[in-house]
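Welcome! Here is a friendly walk through a structure that may be new to you. Take a moment to turn it around before reading on.

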Amino acid sequence: MKYSLPLRAIHWLMALMMVGLITVGWYMAGLDRSPFKFELYGWHKSFGFLALLLLVARLLIRRRSPIPSSKGILAGWEIGLSHATHWSLYLLMLLVPLSGYIMSSIGRELTVFGLTLPNLVPQSDALQQTAHSLHGPMAYLMLALMLLHLAGALKHRLFDDRPQADVLPRML
């Protein structure tokens, strides 16, 4: 059984978006102050907010889609690690853009794709600093979990003796 087409599509779209956002975030953080850097920040914020909206859509699609079972296909520890990785990724897909939203909207307007978003939190230097200090490390943790997720799929495809353990076709 495969995942539903909408779930597969949003999975790959978000994977590309997360890799792109992390790459651009890493790149722009190392740039000197310039109009180009601030333009990149604007695009990063816009696509980060879009990622947050896509997460909501993804959760709604997941709730309505049948999820293929791994029982009898994977070992218990593999299923446990898979579930822990998936739910950690979902949590980070929420917290990373949310921390970006918080640090970008405290004390100033936040504009995404030309639209001004409401400031959801009161002025707080401590909260802004906390969001700022967590945003990058959480993004790198998400990248590490994405690599673990990919490594698991490749392990099942390339190294497992059981053909049914190849879970990758379910998401392709």
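## A first look around

S70 counts as buried, because its relative accessibility is 17% and buried means under 20%. This residue sits in the loop between α2 and α3. Leaving out residues up to four places away in sequence, S70 touches I79 and R170. Please keep in mind that this is a predicted model.

Now for the whole protein. Where do the helices and strands fall along the chain? From the N terminus on, the order of elements is α-α-α-β-β-α, which gives the protein 4 helices and 2 strands. Its C-alpha atoms fill a box of roughly 55 × 35 × 30 Å along the principal axes. The protein has 172 residues, and 37% of them count as buried.

The surface and the charges can be put briefly. The accessible surface comes to about 10500 Å², and carbon and sulfur atoms account for 70% of that. There are 15 positive and 8 negative side chains, with the centres of the two sets lying 9 Å apart. As for contacts between residues at least 6 apart in sequence, 73% join residues at least 24 apart.

## Two helices and their partners

Let us begin with α1, which covers residues 5-29. This helix has 25 residues and reaches 36 Å from its first C-alpha to its last, close to the 36 Å expected at 1.5 Å a residue. Which residues of α1 are buried? They are L7, R8, I10, H11, M14, M17, M18, L21, I22, G25 and M28. The buried residues of α1 pack against three other helices: α2 (35-64), α3 (76-105) and α4 (125-158).

Helix α2 has 30 residues, so at 1.5 Å a residue it should span 44 Å; its end C-alpha atoms are 44 Å apart, in agreement with that value. In α2 the buried residues are K37, L40, H44, S46, G48, A51, L52, L54, L55 and R58. These buried residues pack against α1, α3 and α4, and also against the strand β1 (110-112).

## A meeting point at S46 and F113

S46 belongs to helix α2. Is S46 buried or exposed? S46 is buried, because its relative accessible area is 4%, and buried means under 20%. Apart from neighbours within four places in sequence, S46 is in contact with T111, V112 and F113. A polar atom of the S46 side chain lies 2.8 Å from the backbone nitrogen of F113.

F113 itself lies in the loop between β1 and β2 (115-117). Although F113 is not a glycine, it has a positive phi of about 50°. With a relative accessible area of 42%, F113 is partly exposed.

## Along α4 and just beyond

H156 and P137 both offer a good view of helix α4: H156 has its place there, and P137 lies there as well. H156 is buried, with a relative accessible area of 9%, whereas P137 is exposed, with a relative accessible area of 51%. Which residues does H156 touch? Not counting residues up to four places away in sequence, H156 touches L74, E78, A165, D166 and V167.

In the segment after α4 you will find F159. This residue counts as exposed because its relative accessibility is 62%, and exposed means over 50%.

## Distances along the chain and in space

The table sets separation in sequence beside the distance from C-alpha to C-alpha.

| Pair | Apart in sequence | Apart in space |
|---|---|---|
| F159 and M17 | 142 residues | 29 Å |
| H156 and P137 | 19 residues | 29 Å |
| P137 and V96 | 41 residues | 9.1 Å |

P137 appears in two rows. The C-alpha atom of P137 is separated by 9.1 Å from that of V96, 41 residues away along the chain. The C-alpha atoms of P137 and H156, with their places 19 residues apart in sequence, are 29 Å apart. M17, the partner of F159 in the table, is one of the buried residues of α1.

Note on methods. Residues numbered from 1 in each chain as written. Predicted model: local features only at pLDDT ≥ 70, side-chain atom pairs only at ≥ 80, totals over all residues. Heavy atoms only, no water. Expected span 1.5 Å × (residues − 1). Buried < 20%, exposed > 50% of the residue type's maximum accessible area, 1.4 Å probe, protein only. Contact = heavy atoms within 4.5 Å. Areas by Shrake-Rupley, 256 points an atom, 1.4 Å probe, with all protein chains shown as cover. Lys, Arg positive; Asp, Glu negative; His and termini not counted. Charge placed at Lys NZ, Arg CZ, Asp CG, Glu CD. Polar contact = N/O pair within 3.5 Å; in protein donor to acceptor, adjacent residues only side chain to side chain.
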